[in-house]
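Student: I've got a model with a ligand open on my screen. Can you show me how to read it?

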Amino acid sequence: MKKEDCIFCKIANGEIPSATIFEDRDFRVMLDIGPATRGHVLILTKEHYDNIYEIDAETAGKLFSLASVIARAMKKVLNCDGMNILQNNGTVAGQTVFHFHLHLIPRYEGDQVQVTWPQGSITEEEKEELVKSMKKEI
Ligand code: 5GP
Ligand code: ZN
């Protein structure tokens, strides 16, 4: 379902023009308007989902198949040194547009992108408790 006042619904469904490199029934693949690096691409669902929690398994599966195709094409064209595939959920995680999208961010030696973190730690008790509670929900 399209959501009124959602800019990515309008872009995904062609109401607002975009720098589209691919589209099919389910997805639109376009250049990010404020690229982290040269060739930063977004894959948008055509349906409106706020985030990963709402997307169905079939669409999620198709999305990652498509992501691998797009990533290979980008690597070939951009000759990037690496790539981050990123998807933000919630403001705290950096989500600013609340319509599901996947980032494909080409990485180049010496670029200023920051998507790494200082390594944390976990106790045996915490590990046990988390494994138990997560397993139950899957
Ligand atoms: P988020 O922060 O939600 O993970 O990512 C939103 C992304 O959408 C940002 O990288 C931003 O540059 C991009 N963006 C926001 N508005 C537009 C737009 O109108 N067109 C395009 N192509 N990208 C947009
Ligand atoms: Zn939307």
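Tutor: Let's go through the ligand site and then the backbone angles, keeping in mind that this is a predicted model.

Student: Where does ligand 1 sit?

Tutor: Start with the pockets: ligand 1 is in the largest pocket.

Student: Which residues come nearest to ligand 1?

Tutor: There are 16 residues around ligand 1, and Asp32, Asn88, Gly94, Thr96 and His103 come nearest. By class, that shell splits into 8 nonpolar, 7 polar and 1 charged.

Student: Which elements supply at least two residues of the shell?

Tutor: Those are α1 (7–12), β2 (27–31) and β5 (101–107). The largest share, 3 residues, is from α1.

Student: Which backbone atoms should I look at for polar contacts with ligand 1?

Tutor: Look for N or O pairs within 3.5 Å. A backbone N or O atom of Leu31 is 3.0 Å from a nitrogen atom of the ligand. On the oxygen side, a backbone N or O atom of Gly94 lies 2.8 Å from a ligand oxygen atom, and a polar backbone atom of Thr96 is 2.7 Å from an oxygen atom of ligand 1. As for cover, ligand 1 taken alone exposes 530 Å², and the protein buries 81% of that.

Student: And the backbone angles, what should I look for there?

Tutor: Most residues other than glycine have a negative phi. Here Asp5, in the segment before α1, has a positive phi of about 65°. Asn79, in the loop between α2 (57–78) and β4 (82–86), has a positive phi of about 55°.

Student: Are Asp5 and Asn79 buried or exposed?

Tutor: Asp5 is exposed, with a relative accessible area of 73%. Asn79 is exposed too, at 60%.

How values were computed:
Residues numbered from 1 in each chain as written. Chains lettered and ligands numbered in written order. Predicted model: local features only at pLDDT ≥ 70, side-chain atom pairs only at ≥ 80, totals over all residues. Heavy atoms only, no water. Near = heavy atom within 4 Å. Polar contact = N/O pair within 3.5 Å; in protein donor to acceptor, adjacent residues only side chain to side chain. Areas by Shrake-Rupley, 256 points an atom, 1.4 Å probe, with all protein chains shown as cover. 1 Å grid on protein atoms, 1.4 Å probe; cavity = no way out; pocket = protein on both sides within 12 Å on 5 of 7 lines; lining within 4 Å. Sits in = over half its atoms within 2 Å of the grid points. Helix = DSSP H or I, 4+ residues; strand = E, 2+ residues; numbered from the N terminus. Nonpolar A, V, L, I, M, F, W, Y, C, P; charged D, E, K, R; others polar. Buried < 20%, exposed > 50% of the residue type's maximum accessible area, 1.4 Å probe, protein only.
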